[in-house]
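Notebook open, viewer open. I want to know how this chain is put together and what sits around its ligand.

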Amino acid sequence: MATAVSHKDLVQTTRMFLLSGLLLLSSCMYSLIDEVEGRVLIVYLTRTNNTEAMARIIKEQVGGDLVEIELVNPYPEDYQAHVDQVVEENNRGFLPPLKTKINMDDYDVVFVGFPTWGMQLPPPMKTFLSENDFSGKRVIPFNTNAGFGVGSGFRKVKELCPDAQVLEGLSLEGGYEKQGVFLTIKGERAREVKKEVETWLQKINIIKE
Ligand SMILES: Cc1cc2nc3c(=O)[nH]c(=O)nc-3n(C[C@H](O)[C@H](O)[C@H](O)COP(=O)(O)O)c2cc1C
């Protein structure tokens, strides 16, 4: 009789132990701040996939919908022709039309990712920010570049989203197409970027530990 009771006790204690372990584990995992759950958009422009790699890392940590910006008339494959076209578009303030259309009413938090082009925000991202209304939303820019930084990119995001709360962006080194270096955010570098993204998201209060 005494043995049967202590066996029952043992089962119960083990159950309690496992349950508290599970609770402890879940409290240590990332959690998105409650109010933005399910209302996150990660929209990005990419040519050689570095900004896309960063976008996917953000999605892993925050969730939300991932959307690549596509143009009605894609840029030339040739790098120099592409650079020349961007210079010309920036000079005349041309906003290239986009194929991508998004219902912004569905989102409260919008991550906006882009490569540096000519030390500026790329023309298609200027189009995207100009043709959508971000009032009352949190806009979070991110960037990859060839080592020369984001240039005026983050400032331009603020200028084009005057009624949004634009949070601190993160700019990281990506590829260097001019030197034949394409996707670099992979393998060990992707693991490093993951850590940098995590630290940034915690700093701006999008995820907590
Ligand atoms: C048209 C064009 C212009 C660029 N201009 C710059 C620049 O001014 N400064 C810089 O650091 N990188 C520049 N880059 C390099 C990209 O910003 C860098 O390779 C970035 O990681 C590419 O991102 P993606 O792989 O998502 O396309 C330029 C690339 C292109 C295609």
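My entries follow, from overall layout to the ligand and the chain end.

**Confidence.** I started with how far to trust the coordinates, since this is a predicted model. Mean pLDDT for the protein comes out at 89, with 82% of residues at 70 or more. I flagged residues 25-31, where pLDDT stays under 50. For that stretch the model has three contacts beyond four places in sequence.

**Layout.** I counted six helices and eight strands. Going along the sequence, I read the order as α-β-β-α-β-α-β-α-β-α-β-β-α-β. Of the 209 residues, 32% count as buried. I also looked up contact range: among contacts between residues at least 6 apart in sequence, 80% join residues at least 24 apart.

**Strand pairing.** Next I traced which strands sit beside β4 (109-115). β2 (40-44) pairs with β4 in the parallel sense over five bridges, and β4 runs parallel to β5 with seven bridges joining them. Val-112 is a handy marker here: Val-43 has Val-112 as its bridge partner in β4, and Val-112 in turn has Pro-141 as its partner in β5. From β5 I stepped on to β7, again parallel, over four bridges. Asn-145 is matched there with Glu-173.

**Two strands, two burial patterns.** Which way do the side chains of β4 point, and are they buried or exposed? Val-109, Phe-111, Gly-113 and Pro-115 point one way, Val-110, Val-112 and Phe-114 the other, and all are buried. Seven of the seven residues are buried, so I noted β4 as largely enclosed by the rest of the structure. In β7 (170-173) the side chains alternate. Leu-170 and Leu-172 point to one face and are buried, while Ser-171 and Glu-173 point to the other and are not.

**Core.** The largest nonpolar core has 42 residues. Those touching the most other members are Met-54, Ile-58, Val-110, Phe-111, Val-112, Val-139 and Val-157. The elements that each supply at least two residues include β2, α2, β4, β5 and α6 (187-203). α2 gives the largest share, six residues. I pulled up Val-110 as an example: leaving out residues up to four places away in sequence, Val-110 touches Leu-41, Val-43, Phe-134, Lys-137 and Val-139.

**Helix α4.** Why did I write down α4 as largely enclosed? Seven of its eight residues are buried, so the rest of the structure largely encloses α4. The buried ones are Pro-123, Pro-124, Met-125, Lys-126, Thr-127, Phe-128 and Leu-129. I note that Lys-126 and Thr-127 are on that list. The cover over these residues includes α3, β4 and α5.

**Ligand shell.** I found 24 residues surrounding the ligand, the closest being Asn-50, Thr-51, Pro-115, Phe-148 and Gly-174. By type, the shell divides into eight nonpolar, 13 polar and three charged. α2 (50-62), α3 (79-92) and β5 (138-145) each supply at least two shell residues. I've now met Pro-115 twice, among the closest to the ligand and as a buried residue of β4.

**Chain end.** Last stop, Glu-209, in the segment after β8 (207-208). Glu-209 counts as exposed because it has 9 C-beta neighbours inside 10 Å, and the cut-off for exposed is 12 or fewer. Glu-198 is 11 residues away from Glu-209 in sequence and 9.6 Å away in space, C-alpha to C-alpha.

Note on methods
Residues numbered from 1 in each chain as written. Near = placed C-beta within 6 Å. Nonpolar A, V, L, I, M, F, W, Y, C, P; charged D, E, K, R; others polar. Buried ≥ 20, exposed ≤ 12 C-beta atoms within 10 Å, placed from the backbone. pLDDT = per-residue confidence, 0-100. Contact = placed C-beta atoms within 7 Å. Pairing = 2+ DSSP bridges. Core = buried A, V, L, I, M, F, W, Y, C linked by C-beta atoms within 7 Å.
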